[in-house]
Amino acid sequence: MIIKVQDIDNVFHIPEPWYIESCAFDEKKEQLDCYISFPKGATFSCSNCNEEHQKVHDIADYNRTWRHLNFFEYPCYIHAELPRTDCQKCGKIRRVHVPWAIKLRSNFTLLFDAWIITMAKDMPMNAISRLVKEHDTQLWRILHYYVDQAIAAQDLSHVTMISTDETSAKKGHNYVTIFMDPQEKNVIHVTKGKDSSTWEACKEHLESHGGSADKVTEVCMDMSPAFIKGATEHFPNASITFDKFHVIQTANEAVDLVRRNERKSSIDLKNTRYMWLKNEKNLTKRQKENLDRLKDSDLETAKAYRMRISLQEIYNYPSEIGPMALTDWIQWGRRCRLKPMVDVAKMLHKHYDGVVQWFNTKLTNGLLEGTNSLFQAAKRKARGYRSDKNIVAMIYLLAGKLNFSLKQ
Ligand SMILES: [Zn+2]
């Protein structure tokens, strides 16, 4: 196969003094090899101090190779003699930076990196690994490099609100806490663990990227004592809104406890778990019919269900009425004699201010349209390599609105 150097040159845009010497398709290896060279007497910038016009000292590597974008379905490799300069200014002998790769030790070109990052948004890393026939650890290294760079360049000076949630990489293990900016719908910080120290880590990160904890006036979170402690300690000017989805979820869990206590004494409750937990619009026709039959019955589960529904409806009330309605609900709950529901009422009483703060701020953790679905997506994409580090990188990639600058 004959490939015109000029055609390849138009694609690569390789700046002087580099030029494409030749390109050849290796039919045996089924790959395209492009040989890049520089004229005798060419000078380069020192890679240590950037001083320009340094003469070539020697050749460090006679066949340095970088994987480039595929040429149709075939891998393409760039080959070059890699020179070193002996800098007149700083006195260091250093390998030169090549303009087609981001860093000295990378085995891939910038465009290959960009291709991997683009694919990583939609495909699991092990699938990409099979497709491009590169070991996944190499690909993760690319992703981590750009995520780290993008995080380092983050400007968080505008942040005044923080909304947070946690997830686990494996069920019950390896918790990761994610802090978001609900105004910009952007990730502020992702960190391991779910204790109060994660808030300290968030504050440190915020303040090392132009933000200030004192400027944060609103935070949104679940009612975990660790989060409350961390937020109060590290963001003293912020008022707390408890996430409404967590409030409703807590009530839902209580409904489930009531059902479990009652199921042995009632045949009607057989196979009804999800019927009570889901919202009506998500039920199957049969579940809906069954619910219509049972929801106004004397069952304790039905009573707990009605309480959950009415708690959920309070969130639709105007902000002048909502807080009062919640007070009424708490009184109802405390008298209802269903232990799990009494507990919910006590919890809402204890955290009343933060729960009704929602009527002022309307802040929720639902800013990601289900933080959970994002986490699930991140986990799927990191399948087989679920280290915290990989999950964190995936969360940034999927939700971080990071600027993945592919320039040196
Ligand atoms: Zn130098």
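1. Let's start with the outward side of helix α4. In this predicted model, T137, D148 and A152 are exposed, on the other side of α4 from its buried residues.

2. Now turn the helix around in your viewer. Which residues of α4 are buried? They are L139, W140, I142, L143, Y146 and V147. Looking down the axis of α4, you will find these buried residues within an arc of 155°, so they line one face of the helix. A bit of helix geometry helps here: an α-helix has 3.6 residues a turn, so residues three or four places apart point the same way.

3. What covers that buried face? The cover of the buried residues of α4 includes α2 (110–120), α3 (125–132) and α16 (388–399). Try colouring these helices to see the arrangement for yourself.

4. A word on the helix itself. With 17 residues, α4 runs over residues 136–152. From first C-alpha to last, α4 reaches 24 Å, which is close to the 24 Å expected at 1.5 Å a residue.

5. Next, step back to the whole chain. There are 16 helices and 11 strands in its secondary structure. The radius of gyration of the chain is 29 Å, well over the 22 Å that the globule rule gives for 408 residues, so the chain is more spread out than a compact globule. Along the principal axes, the C-alpha trace spans about 90 × 50 × 35 Å.

6. Finally, burial and contacts. Of the 408 residues in the chain, 34% count as buried. Taking contacts between residues at least 6 apart in sequence, 56% link residues at least 24 apart.

Terms used:
Residues numbered from 1 in each chain as written. Predicted model: local features only at pLDDT ≥ 70, side-chain atom pairs only at ≥ 80, totals over all residues. Helix = DSSP H or I, 4+ residues; strand = E, 2+ residues; numbered from the N terminus. Rg over C-alpha atoms; globule rule 2.2 N^0.38 Å. Buried ≥ 20, exposed ≤ 12 C-beta atoms within 10 Å, placed from the backbone. Contact = placed C-beta atoms within 7 Å. Expected span 1.5 Å × (residues − 1). Arc of directions from axis to C-beta.
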